[in-house]
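Student: I've got a model open and I'd like to talk through how its helices pack and how its charged side chains pair up. Can we go through it together?

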Amino acid sequence: MTASSDLKSTPIRLWLARRIIEEQSNIAELGRSLGVTRSCVSNWYAGTSRIPARFLRGLGRLFGEDPVTLAELYIESYEPDIAEILLPALREARKETAALN
């Protein structure tokens with residue numbers, strides 16, 4: 001698991017911060033849309049707390065991002081040991097699926 005001091009540089013946190021800035025999102029409204037407080041979203045944005053996996057689908061919907069991409073960022077951010085094994089397989093499966101379409 002990532003130490004709390006390392007949360008600011010995690011890929012999922014950087015993605016969220018970038019999207020909030022690019023979309024000029026209101027943190028309080030984002031929190032309401034996800035069913036959490038403004039403080040909760042502020043903590044994710046600041047990198048002072050982890051983004052729980054249960055919010056990935058909602059974040060993807062709100063920002064128009066593929067939830068699988070967010071799952072990859074989540075795994076890379078918070079589960080680096082699993083990421084080494086799982087992410088290459090996920091990315092290969094995505095390529096194969098794209099080739100079929």
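Tutor: Sure, let's take helix packing and then salt bridges, keeping in mind that this is a predicted model.

Student: How do helix 1 and helix 4 run relative to each other, roughly parallel or roughly perpendicular?

Tutor: Helix 1 (residues 11-22) and helix 4 (residues 56-63) have axes 12 Å apart, at an angle of about 30°. Angles under 35 degrees count as roughly parallel. Therefore helix 1 and helix 4 are roughly parallel to each other.

Student: Which residues of helix 4 make the contact with helix 1?

Tutor: Helix 1 brings Ile12, Trp15, Leu16, Arg19 and Ile20. By class, the contact has 7 nonpolar, no polar and 1 charged residues. On the helix 4 side, the contact is made by Leu56, Leu59 and Phe63.

Student: Arginine 19 also forms a salt bridge with glutamate 22. Is arginine 19 buried or exposed?

Tutor: The closest N and O atoms of that pair are 3.8 Å apart, and both residues lie in helix 1, about one turn of the helix apart. Glutamate 22, at 53% relative accessibility, counts as exposed. Buried means under 20% relative accessible area, and arginine 19 has 12%, so arginine 19 is buried.

Student: Which residues are joined into one network by salt bridges that share partners?

Tutor: Aspartate 66 and arginine 94 meet in a salt bridge at 3.0 Å, N to O. Arginine 91 forms a salt bridge with glutamate 76, linking helix 6 and helix 5. The network's members are Asp66, Glu72, Glu76, Arg91 and Arg94.

Terms used:
Residues numbered from 1 in each chain as written. Predicted model: local features only at pLDDT ≥ 70, side-chain atom pairs only at ≥ 80, totals over all residues. Heavy atoms only, no water. Axes fitted to C-alpha atoms, helices over the stretch in contact; angles between N-to-C directions. Helix = DSSP H or I, 4+ residues; strand = E, 2+ residues; numbered from the N terminus. Parallel < 35°, antiparallel > 145°, perpendicular 65-115°, else oblique. Contact = heavy atoms within 4.5 Å. Nonpolar A, V, L, I, M, F, W, Y, C, P; charged D, E, K, R; others polar. Salt bridge = Lys/Arg side-chain N within 4 Å of Asp/Glu carboxyl O. Buried < 20%, exposed > 50% of the residue type's maximum accessible area, 1.4 Å probe, protein only.
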